[in-house]
Amino acid sequence: MEDKRNTLTRAQLAESLYENAELPRPEAEKLVDQFFSVIRDTLLQGESVKLVGFGQFMVRHKNARPARNPRTGESAVVTARHVVSFKASHKLKERMPLAENQAPSA
């Protein structure tokens, strides 16, 4: 289950633009909507979206594969599909704090 306290919403992004970039609230909301619309449309065309210093969204093809229902043990097939994956940039990774139990990478 998702923790709402740790989730940044579209409305919060627009509010941040309103407060920090001093944009009128309707323009801030329109800007956020347009930003995500461009990203969504680009991914739907099968292209990647690279945000320098943040990361890259990529469309990956996953082949069909056999699976099993863990509750019943019944065999099934997961159909082939396209998924969006995200790879964080090195700059973003460097700024992330290490988890308490995670050893630093060499």
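Let's start with helix α2, which covers residues 25-44 in this predicted model. How far apart should its ends be? At 1.5 Å a residue, its 20 residues should span 28 Å, and the end C-alpha atoms lie 29 Å apart, so the expectation and the model agree. The expected span counts one residue less than the helix has, because it is 1.5 Å times that reduced number.

Staying with α2, which of its residues are buried? They are Ala-28, Val-32, Ser-37, Ile-39, Thr-42 and Leu-43. Their cover includes helix α1 (10-20), along with the strands β1 (49-51), β2 (55-62) and β5 (81-88). Just after the helix comes Gly-46, with a positive phi near 85 degrees.

Now, let me step back to the whole chain. Here we have three helices and five strands, and from the N terminus the order is α-α-β-β-β-β-β-α. Of the 106 residues, 10% count as buried. The chain exposes about 9400 Å², with carbon and sulfur atoms supplying 53% of that area.

Next, the strands, and I'd like you to follow β2 with me. On one side of the story, β2 runs antiparallel to β1, and three bridges join the two. Their hairpin has three residues between the strands, and there Gly-53 takes a positive phi near 85 degrees. β2 also pairs with β5, again in the antiparallel sense, over eight bridges.

Which residue should you look for in β2? Try Gln-56: this residue is the bridge partner of Lys-50, and Gln-56 also stands opposite Lys-87 in β5. Thanks, everyone, and happy browsing!

Terms used
Residues are numbered from 1 along each chain as its sequence is written. This is a predicted model: local features need pLDDT of at least 70, side-chain atom pairs count only at pLDDT 80 or more; totals for chains, interfaces and linings use all residues. Side-chain values use heavy atoms; hydrogens and water are left out. Helices (H or I, at least four residues) and strands (E, at least two) are DSSP runs, numbered from the N terminus. Buried means under 20% relative accessible area, exposed over 50%, partly exposed in between (1.4 Å probe, protein chains only). Accessible areas come from the Shrake-Rupley method with a 1.4 Å probe; for residues, only the protein chains shown count as cover. Contact means heavy atoms within 4.5 Å. Two strands pair if DSSP finds at least two bridges between them.
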